[in-house]
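Look over the sequence and the model below. The report then works from one ring count to the fold, the core and some single residues.

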Amino acid sequence: MKGNSSKRWFIFLLACAFLVGPIGLQSELCGQGRRGHDKHEKRDKERIKGNRIKKETEEDEHGNKRSDRSYDTRGNKIEETSYNSNGNVERTIRYHYDNDDDLTESSVYDSTDTEIGKNNFEYGQSKLLRKSTTRKQDGSVALKADFEYDANDNMRELHAKDGNDRTIQKAVY
C-alpha cells in the first residue's frame, strides 16, 4: 500500500510539472505559497509562485510529513520546509539565485515565518564560490568564509571567521 501511495504522489508531482510549468497555470494543488514579509519578499514569492513546477514531500516510516521541497522551472531548489513529529512547521529556508543559477542567498525562517538568519554567497569570474557570509536575525555577522583557488580552479585555502573576526578554521588543501 505504501508503495502505491508513493507512486501516486510521484505521478501527481509529475502532472503538476507538466501542467503548471509549460502553460503557466497556477494551481492550489501544486502548492503555491501564501506568505510574504515585506514588499520585496512578496515580489519574490509571486515570482516563485509563477515559476514553481515541482514540489516534493518526504515522509517518515509512519507516513508523517517531514519536509517539503519546491523547485523552479530551471531545477533550482527555491524553498524547503521541515516539519516536527506533530506535523507543524519547524523551519523554512528560501533560496535565491542569479541569472546564471548561482545560489546568491538563503534565508531561514522559524515556525512563525520570522526570518532568523540569512546566508549570502559571492562568486568569482570562474563561477567558483569566493565568499560566504552568515547573518543572525539582528543582521550581525555570525560567520564569514573566504575560499581561495589555484590557477586550475582547485580549492587552495578556506578561511572561516566568527562575527568578531576571529579565525575559527583555516584549511590548506
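How many aromatic pairs does the count come to? The count comes to zero aromatic pairs in this predicted model. One ring does have a charged partner. Arg94 lies over the face of Tyr109, at 4.4 Å from the ring centre.

**Overall layout**

The protein has two helices and 10 strands. Both helices come first from the N terminus, and the strands follow: α-α-β-β-β-β-β-β-β-β-β-β. Of its 173 residues, 32% count as buried. The exposed surface is about 11100 Å², and carbon and sulfur atoms supply 48% of that area. Take the contacts between residues at least 6 apart in sequence: 14% of them join residues at least 24 apart.

**The nonpolar core**

Which residues form the largest nonpolar core? It has five: Ala145, Phe147, Tyr149, Leu158 and Ala171. Strand E8 (residues 141-149) gives the largest share of this core, three residues. In soluble globular proteins, nonpolar side chains tend to be buried together.

Ala145 sits in strand E8. Ala145 counts as buried because its relative accessibility is 10%, under the 20% cut-off. Beyond its sequence neighbours within four places, Ala145 is in contact with Arg130, Lys131, Ser132, Leu158, His159 and Ala160. Leu158 in that list is also a core member.

Asp146 lies in strand E8 too. Is Asp146 buried or partly exposed? Asp146 has a relative accessible area of 29%, so it is partly exposed. Setting aside residues up to four places away in sequence, Asp146 touches Arg130, Lys131, Glu157, Leu158 and His159.

Ala171 is another core residue. Its contacts, apart from neighbours within four places in sequence, are Arg156, Glu157 and Leu158.

**Spacing between backbone positions**

The table sets separation along the chain beside the C-alpha distance.

| Pair | Separation in sequence | C-alpha to C-alpha |
|---|---|---|
| Asp146 and Leu158 | 12 residues | 5.8 Å |
| Ala145 and Arg130 | 15 residues | 8.2 Å |
| Ile78 and Leu103 | 25 residues | 9.8 Å |

Ile78 is found in strand E3 (residues 77-83). Ile78 is buried because its relative accessible area is 1%, under the 20% cut-off.

**Two arginines and their polar partners**

Where does Arg69 lie? Arg69 is in strand E2 (residues 65-71). With a relative accessible area of 15%, Arg69 is buried. Its side chain makes a polar contact with the side chain of Ser67 at 2.8 Å. A polar contact with the side chain of Glu58 spans 3.4 Å. Not counting residues up to four places away in sequence, Arg69 touches Lys54, Lys55, Glu56, Glu58, Lys77, Glu79 and Glu80. Glu58 therefore appears both in that contact list and as a polar partner within the 3.5 Å limit.

Arg94 is the residue over the Tyr109 ring. Which side chain makes a polar contact with the side chain of Arg94? It is that of Asp113, at 3.1 Å. Asp113 is placed in the loop between strand E5 (103-109) and E6. Asp113 is buried, with a relative accessible area of 10%.

**Two loop residues with positive phi**

Most residues other than glycine have a negative phi. Two loop residues here have a positive one.

- Lys127 has a phi near 65°. Lys127 lies in the loop between strand E6 (115-123) and strand E7 (129-136). At 38% relative accessibility, Lys127 counts as partly exposed.
- Asp165 also has a phi near 65°. Asp165 is in the loop between strand E9 (155-162) and strand E10 (167-172). Its relative accessible area is 44%, so Asp165 is partly exposed.

Why do both residues count as partly exposed? Their values, 38% for Lys127 and 44% for Asp165, fall in between the buried limit of 20% and the exposed limit of 50%.

Definitions and conventions:
Residues numbered from 1 in each chain as written. Predicted model: local features only at pLDDT ≥ 70, side-chain atom pairs only at ≥ 80, totals over all residues. Heavy atoms only, no water. Helix = DSSP H or I, 4+ residues; strand = E, 2+ residues; numbered from the N terminus. Buried < 20%, exposed > 50% of the residue type's maximum accessible area, 1.4 Å probe, protein only. Polar contact = N/O pair within 3.5 Å; in protein donor to acceptor, adjacent residues only side chain to side chain. Contact = heavy atoms within 4.5 Å. Core = buried A, V, L, I, M, F, W, Y, C linked by side-chain atoms within 4.5 Å. Phe/Tyr/Trp six-rings, centres within 6.5 Å; stacked < 30°, edge-to-face > 60°. Lys NZ or Arg CZ within 6 Å of the ring centre and 35° of its normal. Areas by Shrake-Rupley, 256 points an atom, 1.4 Å probe, with all protein chains shown as cover.
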